[in-house]
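This briefing is meant to be read with the structure open beside it. It begins with the chain as a whole, then turns to its two parts and ends with one helix.

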Amino acid sequence: MNRIQILLQRAAKAPLYRKKFAHLKPGTVRDLRSFSAKVPPTRLEELAAETPKSAGPLSPRLCAGRGPRAIFQLEYDTQPALYVALDRADLRGYVEVLKHCWSLAGLRKGDRVAIFDYGTSPLSYLAASSFTPYLDRGAADLLGCLPVCNDGVANMSPRAVEILRYVRPRVFFIRHDCLHALAVEIERQALRLADYTQALVAAENESLLSDAERSSFEKRLGVPIYRLLRIDAAMFLAMECPRCRMLHTRRDSYFVETLPEEDDAAESPLVVTNWFAGNSPTVRYLSQVRGSLKPSGCPRGPKDLRIAV
Ligand SMILES: [Zn+2]
């Protein structure tokens with residue numbers, strides 16, 4: 001309850017939420033159930049529509065009185081472009097989630113990790129303090145891993161293969177749209193990917209590889225591929241667990257709901273509330289990703305939130 005109060009008070013300092021939540025009378029939101037029932041979800045389109053009306057290029061979610069340190073453009077095709085603002089504490093909260101994802105992927109002290117993704121992806125900018133100003137400790141610093149980053153664009157696949165050959169990362173994070181180009185390059189050089197890495201983690205903002213795509217790439221590349229879900233507008237990350245094959249994330253970092261729909265589908269859109277984002281609060285962000293919530297209890301993360309997709 002305290003958490004909800006803090007979040008709503010914080011959100012009241014942001015132009016978008018002040019307007020959206022003006023109808024909520026004090027005392028209306030008493031618990032998570034009334035939070036879900038009374039607080040309206042926010043869509044990406046609303047963030048884009050509100051941006052020109054706000055004072056700067058940042059999202060209308062920016063809280064007055066806070067001092068953002070790092071600003072990243074979000075990977076959405078909206079007009080205007082959307083940004084997210086983070087301070088040291090936000091970065092600290094976000095990196096805890098990435099660290100959790102890395103641990104679930106099996107990364108331990110001394111492991112090498114390669115990241116083939118954009119610099120504006122949280123997979124890159126939360127990896128190491130040497131990459132990002134104001135990030136006190138990245139996932140690699142916290143776990144004692146050695147990270148290597150390269151821009152995740154398909155025509156850089158030959159370089160990605162060089163990194164694989166010479167760095168031999170235990171896990172290789174890659175954008176979906178680079179998987180095909182990587183496979184082509186591996187085949188061109190007649191390499192066996194399993195000689196250079198143990199697993200790929202495929203990620204994209206608000207999108208997941210389908211099971212069919214995954215098994216086709218696993219067959220082609222000969223290593224397991226796990227999926228990592230990014231919902232960048234909500235500063236959300238969830239990692240597919242190698243054991244139960246569901247997405248895991250930290251319960252302390254998020255409240256996740258599914259939005260019931262009329263068509264009775266097994267999977268509904270995921271709605272994410274972020275507990276740690278102070279500069280750009282995320283209150284019931286309605287994502288484009290569908291899934292269903294599952295009870296906790298996987299041995300690899302007994303307290304984790306679990307989502308089947
Ligand atoms: Zn699991």
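The points below are grouped by topic and go from the overall fold to local detail.

The model is a predicted one, and its protein chain contains 10 helices and 14 strands. With a radius of gyration of 20 Å, close to the 19 Å that the globule rule gives for 309 residues, the chain is as compact as a globular protein of that length.

**Overall fold**

- Taken along the principal axes, the box filled by the C-alpha atoms of the protein chain is roughly 65 × 40 × 35 Å.
- Of the 309 residues in the protein chain, 42% count as buried.
- When contacts in the protein chain are limited to residues at least 6 apart in sequence, 63% of these contacts join residues that are at least 24 apart.

**Two domains and their contact**

- The protein chain is divided into domain 1, which spans residues 2-65, and domain 2, which spans residues 88-308.
- The C-alpha centres of domain 1 and domain 2 are 27 Å apart, and the contact between these domains takes 18 residues from domain 1 and 14 residues from domain 2.
- On the side of domain 1 that touches domain 2, the elements giving two or more residues are α1 (2-11), α3 (32-38), β1 (42-43) and α4 (44-50), and the largest share, 4 residues, comes from α1.
- Sorted by class, that side of domain 1 has 11 nonpolar, 3 polar and 4 charged residues.

**Helix α8 and its surroundings**

- Helix α8 runs over residues 157-167, and its residues S157, A160, I163 and L164 are buried; because these four cover an arc of only 110 degrees around the axis, they are on the same side of α8.
- The other side of α8 carries the exposed residues P158, R165 and Y166.
- The cover over the buried residues of α8 includes the strands β4 (112-116), β5 (146-150) and β6 (171-175), together with the helix α9 (176-188).
- Just after α8, the backbone at R168 takes a positive phi of about 50 degrees.

For a reader inspecting α8 in the model, the two sides of the helix can thus be told apart by residue: S157, A160, I163 and L164 are buried, whereas P158, R165 and Y166, on the other side, are exposed.

Terms used
Residues numbered from 1 in each chain as written. Predicted model: local features only at pLDDT ≥ 70, side-chain atom pairs only at ≥ 80, totals over all residues. Buried ≥ 20, exposed ≤ 12 C-beta atoms within 10 Å, placed from the backbone. Arc of directions from axis to C-beta. Contact = placed C-beta atoms within 7 Å. Rg over C-alpha atoms; globule rule 2.2 N^0.38 Å. Domains from an automatic or database assignment. Nonpolar A, V, L, I, M, F, W, Y, C, P; charged D, E, K, R; others polar.
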